[in-house]
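Trainee: I would like to take a close look at one part of this model, and then to see how its surroundings fit together.

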Amino acid sequence: MIRTFLATTALGAGLAGAAGAQTAPEVLTTYADIAAAKYEDSAIAARTLQDAVTALVETPSAQALQAARAAWLQARVPYQQTEVYRFGNPIVDDWEGKVNAWPLDEGLIDYVDGAYAGPTDENQLAALNVIANPEFTLSGQTIDASTITPALLENDLHEVDGVEANVATGYHAIEFLLWGQDLNGHEAGAGSRPWTDYAQGDDCTNGNCDRRAEYLTAATELLVSDLDWMAAQWAEGGDARTAITADEKAGLSAMLTGMGSLSYGELAGERMRLGLMLNDPEEEHDCFSDNTHNSHYYDGLGVRNVYHGDYVRIDGSLVSGPSLSDLVAAESPDLDAEMRARLDDTLAALGRIKTAAEAGLAYDQMLARGNEGGERLIMGGVDALIAQTRTIERIVAAQDLGGIQIEGSDSLDDPSAVFQ
């Protein structure tokens with residue numbers, strides 16, 4: 001992945017100065033308030049998921065598995081809206097891989113279809129199957145995994161041997177344990193793990209049901225604690241809030257860096273354009289559950305939240321305050337109107353993907369070679385995100401903030417490199 005450097009020019013007094021010395025700090029306070037609310041909501045939703053997981057492992061049934069899946073889907077809604085805090089906030093970037101890393105070599109965790117996984121030159125642990133092995137060797141060390149705990153997942157397994165695909169924790173590990181592999185390729189259907197994978201005694205399917213339940217319980221417990229920790233960083237006195245509000249120019253730069261990088265390199269590039277170029281159903285964010293359409297949509301909504309300075313919490317209450325839009329409008333009402341229109345266009349394009357998926361055309365089906373309608377839907381989102389980023393660049397150029405770097409993607413910046 002490459003990065004696009006954006007040089008800025010000071011036009012007029014710059015937005016920070018035009019808006020007044022007190023307004024920009026208020027905008028940064030709103031930004032931190034919304035972050036705190038989003039991460040707190042994510043932790044609340046993860047606790048609901050934890051309760052559903054507890055019910056599943058204590059009394060396994062088809063209904064209990066479905067309830068846990070529904071809770072996982074709901075837990076994604078507030079979390080995906082936090083991703084706009086990546087790229088500009090080091091404390092988030094250093095932590096994010098624990099909770100949302102993807103794609104993963106699921107054979108590290110549990111049984112997989114033999115045609116879909118196995119040791120490779122890139123990852124010798126791609127089929128380790130921790131659930132089936134209470135003891136194994138990593139880097140010459142014998143690991144006692146007779147009890148699967150949050151500490152084992154976090155300290156011994158996650159990204160073991162420095163391989164990013166060795167994802168042992170977070171939403172996607174939990175997703176795999178709830179849905180199993182999606183073996184449908186570009187055909188309809190998500191993962192279909194049977195509830196009996198958590199059954200007791202002779203009803204257990206695929207072996208090790210007690211250890212599978214133990215892994216799912218540990219991963220969910222760790223997710224809750226990780227989200228609690230990040231919510232605390234954005235609360236009053238937290239390190240993330242202190243860092244973002246300490247320097248007005250650096251704080252505004254962080255906001256714009258997060259908006260631009262998520263819009264361009266991450267979402268338009270790595271999560272959308274790349275998968276379409278490869279026509280690969282594995283190149284979708286929530287690939288086991290076929291929830292990628294929602295994942296993309298709420299990423300887009302998160303960018304809009306930051307610019308507008310508002311967020312609707314999961315209890316229906318509103319967190320809002322002075323916004324980046326206010327700063328832009330104070331210097332250039334036309335540029336603010338342009339940014340608002342671009343955000344609306346992006347959400348509409350991502351909304352069309354979401355609507356199509358909910359009507360029966362799953363995102364992995366849209367990725368199929370020759371699916372012209374699916375390609376138009378995805379490229380509509382990509383094009384809107386790119387246009388949105390260009391306006392973000394114009395906002396950066398209208399401020400005296402110094403240079404910022406927006407995350408790039410070979411799929412957008414050097415397409416030929418994707419196939420090398």
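Which backbone oxygen does the side chain of S263 reach?

Mentor: In this predicted model, the side chain of S263 reaches the backbone oxygen of M259, at 2.7 Å. S263 is found in helix α9, a helix that spans residues 248-278. With a relative accessibility of 0%, S263 counts as buried, because the cut-off for that class is under 20%. The side chain of S263 also makes a polar contact with the side chain of Q388, at 2.8 Å. When the neighbours within four places in sequence are left aside, S263 is in contact with A268, V303, L385, Q388, T389 and I392, so that Q388 appears both in this list and as a polar partner of the serine side chain.

From S263 one can turn to the pockets, where helix α9 comes up again. The largest pocket holds about 590 Å³ of space, and α9 is one of the elements that give two or more residues to its lining, the other being α4 (90-100). The lining of this pocket is made up of 20 residues, and R86, A101, W102, P103 and E164 are those that lie nearest its centre. Divided by class, the lining has ten charged residues, eight nonpolar ones and two polar ones.

The second largest pocket, with about 350 Å³ of space, is likewise lined by 20 residues, and here L104, D105, E106, Y116 and E282 are the closest to the centre. Its lining divides into eight nonpolar, five polar and seven charged residues.

A residue that deserves attention alongside these is E83, which lies in the loop between α3 (62-80) and α4. Although glutamate is counted among the charged residues, E83 is buried, with a relative accessible area of 1%. The side chain of E83 makes a polar contact with the side chain of R271 at 2.6 Å, and another with the side chain of N100 at 3.1 Å. With the neighbours within four places in sequence set aside, the residues in contact with E83 are E96, N100, L262, R271, H285 and D299. Both polar partners, N100 and R271, are thus found again in that contact list.

Enclosed space is a separate matter from the open pockets. The count comes to one cavity of 30 Å³ or more, and the space within this cavity is about 40 Å³. The cavity is lined by V27, T30, Y31, I34, Y85, M255, N305, V306, G309, P322, S323 and L324. Among the elements, α2 (23-58) and α10 (292-308) are those that give two or more residues to this lining, and the largest share, four residues, comes from α2. By class the lining has eight nonpolar residues, four polar ones and no charged ones.

The cysteines add a covalent feature to the picture. A disulfide is a covalent bond between the sulfur atoms of two cysteines. The count here comes to one disulfide, which joins C204 to C209 with an S to S distance of 2.1 Å. The link of C204 and C209 is right-handed, with 95° about the S-S bond. As for accessibility, C204 counts as partly exposed at 23%, whereas C209 counts as buried at 4%. Another cysteine, C287, is buried too, with a relative accessible area of 10%.

A last residue, P119, offers a contrast with the buried S263. P119 is found in the loop between α4 and β2 (135-138), and at 55% relative accessibility it counts as exposed, because the cut-off for that class is over 50%. Leaving aside the neighbours within four places in sequence, P119 is in contact with Q124, A126 and A127. P119 and A173 are 54 residues apart in sequence, and their C-alpha atoms are 19 Å apart in space.

To return to the starting point, S263 is a buried residue of helix α9, and its side chain reaches both the backbone oxygen of M259 and, through a polar contact, the side chain of Q388.

Note on methods
Residues numbered from 1 in each chain as written. Predicted model: local features only at pLDDT ≥ 70, side-chain atom pairs only at ≥ 80, totals over all residues. Heavy atoms only, no water. Disulfide = S-S within 2.5 Å. Buried < 20%, exposed > 50% of the residue type's maximum accessible area, 1.4 Å probe, protein only. 1 Å grid on protein atoms, 1.4 Å probe; cavity = no way out; pocket = protein on both sides within 12 Å on 5 of 7 lines; lining within 4 Å. Points joined across faces, edges and corners; volume = space filled by probe spheres on them. Polar contact = N/O pair within 3.5 Å; in protein donor to acceptor, adjacent residues only side chain to side chain. Contact = heavy atoms within 4.5 Å.
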